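User: I have a structure open and want a quick tour. Can you walk me through it?
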Amino acid sequence: MKKTFVTIAAVLLLAAALVIGFRLYISWKAPEGPVPSVTRREKPTTGESRIIDLYFSDADGRRLALEAREIPWGETAATVLWSVQELISGPGKRNLSATIPGGVKVRSVFVRDRIAYVDLTSAVSSNHPGGSWSELLTVYSLVNTITENFTEIDKVQLLIEGKESETLAGHIDINRPLPGRIQLLAGDW
């Protein structure tokens, strides 16, 4: 009986170690090897331009709302960087509000395995006004702007100063790649 108990306990411990190890392995998101990234606000070089939808906050700060903007189009990472810079610059319409706090800069952008990695300066956290809903709108204005305009991107991993972070301002989990959430849009869809 004692041998059986010890054997079962050993098997359970081994199984638990394997499960924990597997979860740690799949939760680690940093891409392996060198990846091309874009770090400057250079215009994408194809000479083309397209109209994209930027996701800002509505006037009441309750939902996301769209603003169309024409941007230069080219290589994916460069165009994503340009799109995020346009989002950071704020809306052109008076009835919309910025979702990204002042002082935020994009450090780099790279794309791998249908995930866009967007590395922002720490101002995205330190200058954030706080509140769970405001943080949700900030996160998904970025994520939706990218996933809804770039068919080759399914998810967005937000990085702060080159590192994964649990949250931007203490509420919304950003430690994994996030898919878009268009249900945060105002209006009838």
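Analyst: Here is a short run from the overall fold to the core and the salt bridges. Keep in mind that this is a predicted model.

User: Fine. How many helices and strands are in the protein chain?
Analyst: The protein chain has 4 helices and 8 strands. Along the sequence they run α-β-β-α-β-β-β-α-α-β-β-β.

User: What share of the residues is buried?
Analyst: 42% of the 189 residues count as buried. The accessible surface is about 10700 Å². Carbon and sulfur atoms make up 55% of that surface.

User: And the contacts? What share comes from residues 24 or more positions apart?
Analyst: 66%, counting contacts with a separation of 6 or more.

User: On to the core. Which residues touch the most other members?
Analyst: The largest nonpolar core has 43 residues. Val80, Val84, Val118, Leu120, Val139, Tyr140 and Ile146 touch the most other members. Among the elements that give two or more residues to this core are strands S1, S2, S4, S5 and S6. Helices H2, H3 and H4 do so too.

User: Tell me about H4. What is its length?
Analyst: H4 has 18 residues and spans 25 Å from first C-alpha to last. That is close to the 26 Å expected at 1.5 Å a residue.

User: Why call H4 largely enclosed?
Analyst: Because 14 of its 18 residues are buried.

User: Now S5. How many of its residues are buried?
Analyst: 6 of 6, so to speak of S5 as mostly covered fits the buried cut-off of under 20% relative accessible area. Ile115, Tyr117 and Asp119 point one way. Ala116, Val118 and Leu120 point the other way.

User: Which strands does S5 pair with?
Analyst: S4 pairs with S5 in the antiparallel sense, over 6 bridges. S6 pairs with S5 in the parallel sense, also over 6 bridges. On the S4 side, Phe110 stands opposite Tyr117. On the S6 side, Leu158 is the bridge partner of Val118.

User: What about the turn between S4 and S5?
Analyst: That hairpin has 2 residues between the strands. Asp113 takes a positive phi there, near 55 degrees.

User: Back to Val118. What is it in contact with, beyond its neighbours within four places in sequence?
Analyst: Val118 contacts Val80, Val84, Ser108, Val109, Ile146, Val156, Gln157, Leu158 and Leu159.

User: Switching to charges. How many salt bridges are there?
Analyst: The count comes to 7. One of them joins Asp119 and Arg107, with the closest N and O atoms 2.7 Å apart. Asp119 sits in S5 and Arg107 in S4, 12 residues apart.

User: Are those two buried or exposed?
Analyst: Asp119 is buried, at 6% relative accessible area. Arg107 counts as partly exposed, at 35%.

User: Which other residue does Arg107 meet in a salt bridge?
Analyst: Glu161, at 3.4 Å from N to O. Glu161 lies in the loop between S6 and S7, and Arg107 in S4, so the pair ties together parts 54 residues apart in sequence. Glu161 is partly exposed, at 35% relative accessibility.

User: Any others I should look at?
Analyst: Arg176 and Asp173 form a salt bridge, with the closest N and O atoms 3.3 Å apart. Arg176 is partly exposed at 41% relative accessible area. Asp173 is partly exposed at 35%.

User: And which residues form a network of salt bridges?
Analyst: Glu67, Arg69 and Glu86 are linked that way.

Technical notes: Residues numbered from 1 in each chain as written. Predicted model: local features only at pLDDT ≥ 70, side-chain atom pairs only at ≥ 80, totals over all residues. Heavy atoms only, no water. Core = buried A, V, L, I, M, F, W, Y, C linked by side-chain atoms within 4.5 Å. Buried < 20%, exposed > 50% of the residue type's maximum accessible area, 1.4 Å probe, protein only. Contact = heavy atoms within 4.5 Å. Expected span 1.5 Å × (residues − 1). Areas by Shrake-Rupley, 256 points an atom, 1.4 Å probe, with all protein chains shown as cover. Pairing = 2+ DSSP bridges. Salt bridge = Lys/Arg side-chain N within 4 Å of Asp/Glu carboxyl O.
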